[in-house]
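Thanks, everyone. I have one model to go through today, so please bring it up on the screen.

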Amino acid sequence: MLLSKSIFKAYDIRGIIDETLNADIAHLIGQAFGTEVLNLGETEIVIGRDGRVSGPDLIEGLTKGLISTGVNVINLGMVATPMVYFGTNQSINGKKPKSGIMITGSHNPPNYNGFKMVLGGAAIYGEQIQDLYKRIQKKEFAIANSPGESVNFDIFSLYLERITSDVKLAKPMKIAIDCGNGVGGAFAGKLFRALGCEVEELFCDVDGTFPNHHPDPAHLENLQDLIENLRTTDNELGLAFDGDADRLGVVTKDGQVIFPDRQIMLFAKDVLSRHPGGQIIYDVKCTRNLAPWVIQHGGEPVMWKTGHSLVKAKLKETGAPLAGEMSGHIFFKDRWFGFDDGLYTGARLLEILSKEKDPNAILNNLPNAICTPELQVSCSEGEPFTILESIKANALFPSSESINTIDGVRVEYADGFGLARPSNTTPVVVMRFEADSEKAIKRIQEEFKIALLAAKPDAKMPF
């Protein structure tokens, strides 16, 4: 198989099995990444895979590539993505690996897979990922006189002990969890039972074909089974996880979905009680209710670019105790390591809610607004970036109060906001709107429609 530049994305490497990705490509990625690890003066790396059918072949190819450079591999086997991140923060068999690779397709269809990477304690993205591609093209690989070793290690007991020793529930809770047959199903039930919960499991048998619904809690259709469970049982709360369990979805007893930007409010209030004046980082997709909430609770709101690697890097740069993004990646530096972890986020949520007489009222009373889901305008490859540059240069947005161009164009109004940004993962312009009324949303959308059609006259608008 020829190496395709298309799999080297903004935040990770991702491709289609037997079209752009196979064990041979994984071997090359291992050679390139192993060389980078050695260049940092390190010799250990943690790896794992999710529950996809292609995982075993890819991890075998990756391992062979890594050890060929002389790097020693600690293979965690089938784990959630955050367990690989956790492994890069632990002493394992007397070693302290700071680099890791998780083989996962996250929430993509079953025929996808990919690699999320940590190099020297930092998530790599952007140019660093392109550098791996260039290294493979030039075949600039370290070649060891004798290959590194590969050893297996079960990290879940260490992970479980770390969480349960720190997170304490004030009272047991009855919850339902939906893992969508993703890899989180192998661990979520055990974790929440260990915290003292009574747990009903939905689709927690790991099946990389995802036979029931897609493991992506960002889309409402994937939460309907959980909503129905809460309606027909005495379970108090529903938690849903994406395919590799680094993102969390939350459903209340009355079927309300608490989107991640509102989850961040709850976590910010708790975290700021221990870190007064702390920065709370959130991405450009999040509600405009978040900044005043953070200020009200003694924190400093920081809006940043979308993308889990970018948010993680910003958290590391600023020393903020909490960060999060609308897609469901939440990053705790308070009492945790600063990486995104849906399972740990669920544990922290339950810790807060277990202190409350009516947990669902606490969630439903978080500030809310009329908003659209994520809307998309399909484009050709590379076109979203030129469209946004044109909008930045030429669009007027006559009723706006301010315009933020940190990531696309976010336009603030007295009664709402509109966002258009280029996706870093697929060739679409992503749009989102929020306002005090439906009338205001329609007015804001009309201004964005004019701006987008001026930049791309043939655009098929989703509103």
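I will take the pocket, then one sheet with its helices, then two single residues.

First, the ground rules. This is a predicted model: local features need pLDDT of at least 70, side-chain atom pairs count only at pLDDT 80 or more, and totals for chains, interfaces and linings use all residues. Numbering starts from 1 along each chain as its sequence is written, and side-chain values use heavy atoms, with hydrogens and water left out.

The pocket. On a 1 Å grid over the protein atoms alone, a pocket is an open set of points where a 1.4 Å probe fits, with protein on both sides within 12 Å along at least five of seven lines; lining residues have an atom within 4 Å of a point. The largest one holds about 1,200 Å³ of space, the volume being what is filled by probe spheres set on the points, which are joined across faces, edges and corners. Its lining has 49 residues, and H107, A218, K285, S327 and E374 are the closest to the centre. By class, that lining has 18 nonpolar, 19 polar and 12 charged residues. Here Ala, Val, Leu, Ile, Met, Phe, Trp, Tyr, Cys and Pro count as nonpolar, Asp, Glu, Lys and Arg as charged, and the others, Gly among them, as polar.

Next, the sheet. Strands (E, at least two residues) and helices (H or I, at least four) are DSSP runs, numbered from the N terminus. Two strands pair if DSSP finds at least two bridges between them. This open sheet has 4 strands in the order β14-β13-β15-β16, with mixed pairing. Its edge strands are β14 (300-304) and β16 (330-332). Inside, β13 (279-283) and β15 (322-324) run parallel over 3 bridges, and Y282 has G324 in β15 as its bridge partner.

Helix α8 (260-272) packs on this sheet and touches β13, β15 and β16, with its direction at about 10° to that of β16. Contact means heavy atoms within 4.5 Å. Angles run from 0 to 180 degrees between N-to-C directions, with axes fitted to C-alpha atoms, for helices over the stretch in contact.

Finally, two residues. Is V257, in strand β12, buried or exposed? V257 counts as buried, because its relative accessibility is 14% and the cut-off is under 20%; exposed is over 50%, partly exposed in between, with a 1.4 Å probe and protein chains only. Leaving aside residues up to four places away in sequence, V257 touches L220, L223, I227, V250, V251 and R262. K64, in helix α2 (55-68), is partly exposed at 45%.
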